[in-house]
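User: Please take a close look at a single part of this model and set it in the context of the whole chain.

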Amino acid sequence: MLIAGFPAGAWGTNCYLVAPAAGEECVIIDPGHRAAAGVEEALKKHRLKPVAVVLTHGHIDHVASVVPVCGAHDIPAWIHPEDRYMMSDPEKALGRSIGMPLMGELTVGEPDDVRELGDGTPLKLAGLEFAVAHAPGHTKGSVTYRMPEAADVPQILFSGDLIFAGSVGRTDLPGGDHAELLDSLARVCVPLDDSTVVLSGHGPQTTIGRERATNPFLNGLDAPRPGM
């Protein structure tokens, strides 16, 4: 499997391109601020053909390049319905009044083809399989994408802004809820094997085992019991 990632734009948001191998179809995860050029460079370098953009949530630092990337390759974007409005109204998502400056070079709006997903949506793209988990707390429509363990490749969690190395996503913006975030951590992250690699929306990669031992937000959380 091939995963090419790079931090993009003013917020250093991690954008990932995922493919079975070089020279094949790929999925683009979270093309944020000024990510389009980096996406094109990675596509050329690895000879990839994109088939879809998938978004962990709707904040502008994760979706700012969705329109140009989807438009350039005529591909759809997948997002949870509760965060879809953020693509067209990023000021509302950040608690700004309409008309306040928001880095004026940004192209906001939806691409031509937007598809909605939710908890448990089966997502099979580019010969890859992603398990989608709704994980509110950072935003109401935050999701994670988990790829199962394969030959010589550990299980991988694209966590968005749910969890980072040593920290978690902020909850002080509209739609944020700390209690919901802790619940999402317990439900989505705690049950995973320690070897699970976490590729988050910001910062370096980590593992569930490392976060279980050192992350103050994850340390001590218990997975919900069946039926809860």
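Analyst: Accessible areas come from the Shrake-Rupley method with a 1.4 Å probe, and for residues only the protein chains shown count as cover. On that basis the protein chain exposes about 10100 Å², of which carbon and sulfur atoms supply 51%. The model is predicted: local features need pLDDT of at least 70 and side-chain atom pairs pLDDT 80 or more, while totals for chains, interfaces and linings use all residues. Residues are numbered from 1 along each chain as its sequence is written, and side-chain values use heavy atoms, without hydrogens and water.

The chain holds six helices and 14 strands, taken as DSSP runs numbered from the N terminus (helices H or I, at least four residues; strands E, at least two). Of its 228 residues, 53% are buried; buried means under 20% relative accessible area, exposed over 50%, and partly exposed in between (1.4 Å probe, protein chains only).

The part chosen here is helix α1, residues 36-46, whose buried residues are Gly38, Val39, Ala42, Leu43 and His46. Viewed down the axis of α1, these fall within an arc of 135°, so they line one face of the helix; the arc is that of the directions from the helix axis to the C-beta atoms. In general, an α-helix has 3.6 residues a turn, so residues three or four places apart point the same way. The face turned away from the buried side of α1 carries exposed Ala37, Glu41, Lys44 and Lys45.

The buried residues of α1 pack against β1 (2-8), β2 (13-19), β3 (25-29), β4 (49-54) and α3 (66-73), where contact means heavy atoms within 4.5 Å. After α1 comes Arg47, with a positive phi near 55°.
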